[in-house]
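Me: Please take a close look at one part of this model for me. I would like to see how the helix packing and the nonpolar core fit together, with a word on the cysteines.

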Amino acid sequence: MQTIQILAYGKLKEKYLRDAAAEYEKRLSRYCTFKCIELEPVQLSEKASEKEIAAALEKEGQQLIQKAKGFVIAMCIEGKLMDSASLAEKMQSIGVSGDSTITFLIGSSYGLSDEVKRRANLKLSMSPMTFPHQLARVMLYEQIYRGYQIQSGSKYHK
């Protein structure tokens, strides 16, 4: 069984987002071992300098790289755009190629360090639009679930 791991900075604060995440986690349990590891972002003041932000990104990046396993997908706006069927195909091909774990990386509000992006096997963008991190995380859960539904030939995707 494939393992899907999400490394995400921050917690889901709103109940409706936690409920949605829990529902997708339950649905995904039929298809994979699914886990989301919430990491504590580096706390910076609103007036943080570029140097402080760069140092925070580096520290967060090291933590992500240490915890990432298998095929690593960095979620970033400059990443590749894929439709749901293409993501499903990619997830399936990763498993067939021998990687039993896919790790999705979601950075803090400052994004992902260049080092993390270089480490990733794939940079993926959900959209050129900007979404709140918490909502994007639930959207990613849904797309992973949709991917498994597509692979199984379910009508969910129709």
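Reply: What follows goes from one helix pair to the core and then to the cysteines.

This is a predicted model. Start with α1 and α5. Their axes come within 10 Å and cross at roughly 20°. That angle is under 35 degrees, so α1 is roughly parallel to α5. The crossing of the two helices is left-handed.

Which residues make this contact? On the α1 side they are Leu17, Ala20, Ala21, Tyr24, Glu25, Arg27 and Leu28. On the α5 side they are Gln134, Leu135, Val138, Tyr141, Glu142, Ile144, Tyr145 and Tyr148.

Pick out alanine 21. This residue lies in helix α1. Its relative accessibility is 3%, so alanine 21 counts as buried. Beyond residues up to four places away in sequence, alanine 21 touches Leu12, Val138 and Tyr141. Val138 and Tyr141 belong to the α5 side of the helix contact. Leucine 124 makes a useful distance check: from alanine 21 it is 103 residues away in sequence and 20 Å away in space, C-alpha to C-alpha.

Now the core. The largest nonpolar core has 28 residues. Those with the most contacts inside this core are Ile4, Ile6, Phe34, Ile73, Phe104, Ile144 and Tyr148. At least two core residues come from each of β1 (3–9), α1 (15–28), β3 (71–81), α3 (84–96), β4 (101–106), β5 (122–125) and α5 (133–152). Helix α5 gives the most, with six residues. Ile144 and Tyr148 also sit in the α1–α5 contact.

Look at isoleucine 6 next. Setting aside neighbours within four places in sequence, isoleucine 6 is in contact with Phe34, Lys35, Cys36, Ile37, Phe104, Ile106, Leu140, Tyr141 and Ile144. A second core is separate and has 12 residues, including Leu39, Leu64, Leu105 and Val116.

That leaves the cysteines. How many disulfides does the model have? The count is zero. A disulfide needs two cysteine sulfur atoms within 2.5 Å. For cysteine 32, the nearest cysteine sulfur is that of cysteine 36, 12 Å away. For cysteine 36, the nearest is that of cysteine 32, again 12 Å away. Neither cysteine 32 nor cysteine 36 is in a disulfide. Their exposure can be stated too. Cysteine 32 is buried, with a relative accessible area of 3%. Cysteine 36 counts as partly exposed, at 22% relative accessibility.

Conventions
Residues are numbered from 1 along each chain as its sequence is written. This is a predicted model: local features need pLDDT of at least 70, side-chain atom pairs count only at pLDDT 80 or more; totals for chains, interfaces and linings use all residues. Side-chain values use heavy atoms; hydrogens and water are left out. Buried means under 20% relative accessible area, exposed over 50%, partly exposed in between (1.4 Å probe, protein chains only). A nonpolar core is a set of buried Ala, Val, Leu, Ile, Met, Phe, Trp, Tyr and Cys residues joined through side-chain atoms within 4.5 Å. Helices (H or I, at least four residues) and strands (E, at least two) are DSSP runs, numbered from the N terminus. Contact means heavy atoms within 4.5 Å. Axes are lines fitted to C-alpha atoms, for helices over the stretch in contact, and angles run from 0 to 180 degrees between N-to-C directions. Angles under 35 degrees count as roughly parallel, over 145 as roughly antiparallel, 65 to 115 as roughly perpendicular and the rest as oblique. A crossing is left-handed if the near helix is turned anticlockwise from the far one by less than a right angle, and right-handed if clockwise.
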